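Let's take a walk through this fold, starting in one crowded spot and working outward. Keep the viewer open as you read.

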Amino acid sequence: MDILVIEDDPVVGRALMQGFTEAGHHCRWVQEGSKGTEAALSQQADAIILDLMLPTRSGREVLREIRSRGVLTPVIVLSALGATEDRVTELEAGADDYLSKPFDFAELLARVHAVVRRTQARPALTLQVGDLVLDVTTRRVTRDGRDIDLTPIEFSLLELLMRYAGQVVTRKMLCEHVWGFNWDGTTNVIEVHVNRLRGKLDRGREESIIKTIRGRGYAVSAAP
């Protein structure tokens with residue numbers, strides 16, 4: 001596991017480096033808020049340990065900046081500011097956990113493992129099937145590098161199909177995912193939207209990436 005430590009105190013920083021390394025993890029230590037922001041935005045870490053009182057830029061500013069720019073890496077705030085209002089402020093700003101100094105390293109390590117497990121359990125935010133890519137966060141869809149403009153309904157249909165890539169997605173599943181009600185099989189609304197979606201995705205191609213599975217539903221799969 002790769003851990004980014006943003007901490008200006010050399011004693012604490014060295015202790016964290018040693019502790020995480022001995023626990024079998026790779027650790028990078030940054031001592032300034034500005035450099036910490038840059039390192040966090042690279043999204044190469046599995047978890048971030050963030051102090052609040054930093055030179056050049058406060059930990060609070062770092063946290064808000066990376067969250068505003070879509071970085072979802074779990075963050076544990078490690079700070080001498082232990083009042084309830086401080087904890088609440090940072091958690092509401094996007095921190096995943098908060099631990100007051102002084103702290104026990106074994107507890108910090110356990111918290112790191114816990115937040116990383118929770119993050120790994122989240123649904124994927126970028127889906128890809130062959131040259132088709134869907135970004136759930138930005139709601140951007142591209143195929144072979146070309147941007148494809150979809151309606152909200154088309155995007156929702158495609159997202160579900162791509163989450164079950166290679167598997168059959170029934171019309172009932174699609175209808176309930178998009179509209180949230182039970183489908184009784186008497187409307188062709190799904191077929192209409194799927195056909196429009198195909199027209200946008202398959203422009204200039206002989207074969208559609210969305211396959212009709214007769215009597216069952218649809219499946220998305222890349223060309224062999």
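Leaving out neighbours within four places in sequence, Glu7 is in contact with Val12, Gly13, Trp29, Val30, Gln31, Asp51, Leu54 and Lys101, where contact means heavy atoms within 4.5 Å. Before going on, note that this is a predicted model, in which local features need pLDDT of at least 70 and side-chain atom pairs count only at pLDDT 80 or more, while totals for chains, interfaces and linings use all residues. Residues are numbered from 1 along each chain as its sequence is written, and side-chain values use heavy atoms, with hydrogens and water left out.

Glu7 itself is found in the loop between β1 (2-6) and α1 (10-22). Helices (H or I, at least four residues) and strands (E, at least two) are DSSP runs, numbered from the N terminus. Is Glu7 buried or exposed? Glu7 counts as buried because its relative accessibility is 1%; buried means under 20% relative accessible area, exposed over 50%, and partly exposed in between (1.4 Å probe, protein chains only).

Now hop across to Asp51, one of the contacts of Glu7. Asp51 sits in the loop between β3 (47-50) and α3, and at 4% relative accessibility Asp51 is buried too. Not counting residues up to four places away in sequence, Asp51 touches Ile6, Glu7, Asp8, Gly59, Leu78, Ser79 and Lys101. An unreviewed UniProt entry lists Asp51 for "modified residue: 4-aspartylphosphate"; UniProt positions are given in the numbering used here, feature names are shortened, and annotations may be inferred rather than shown by experiment.

Another contact of Glu7 is Val12, which lies in helix α1 and is buried at 17% relative accessibility. Again setting aside residues up to four places away in sequence, Val12 touches Glu7 and Phe103. Lys101, which is in contact with Glu7 and is also touched by Asp51, leads into a cis peptide bond to Pro102, with omega near -5°. Pro102 is in the loop between β5 and α5 (105-120).

Next, helix α4 (residues 84-93), whose buried residues are Asp86, Glu90 and Ala93. Why are they on the same side of α4? Because they cover an arc of only 60° around the axis, the arc being that of the directions from the helix axis to the C-beta atoms. These buried residues pack against α3 (59-68), β4 (75-79) and β5 (97-100), whereas the face turned away from the buried side carries the exposed residues Thr84, Glu85 and Glu92. Just after α4, Gly94 takes a positive phi of about 125°.

Two residues have a positive phi although they are not glycines: Arg139, at about 60°, and Asp144, at about 55°. Arg139 lies in the loop between β7 (132-135) and β8 (140-143) and is partly exposed, with a relative accessible area of 46%. Asp144, in the loop between β8 and β9 (146-148), counts as exposed at 61% relative accessibility.

Finish with a helix pair: α7 (residues 171-179) and α8 (residues 189-201) pack at an angle of about 85°, with their axes 10 Å apart. That makes α7 roughly perpendicular to α8; angles under 35 degrees count as roughly parallel, over 145 as roughly antiparallel, 65 to 115 as roughly perpendicular and the rest as oblique. Axes are lines fitted to C-alpha atoms, for helices over the stretch in contact, and angles run from 0 to 180 degrees between N-to-C directions. Arg171, Leu174, Cys175 and Trp179 in α7 meet Val189, Ile190, Glu191 and His193 in α8.
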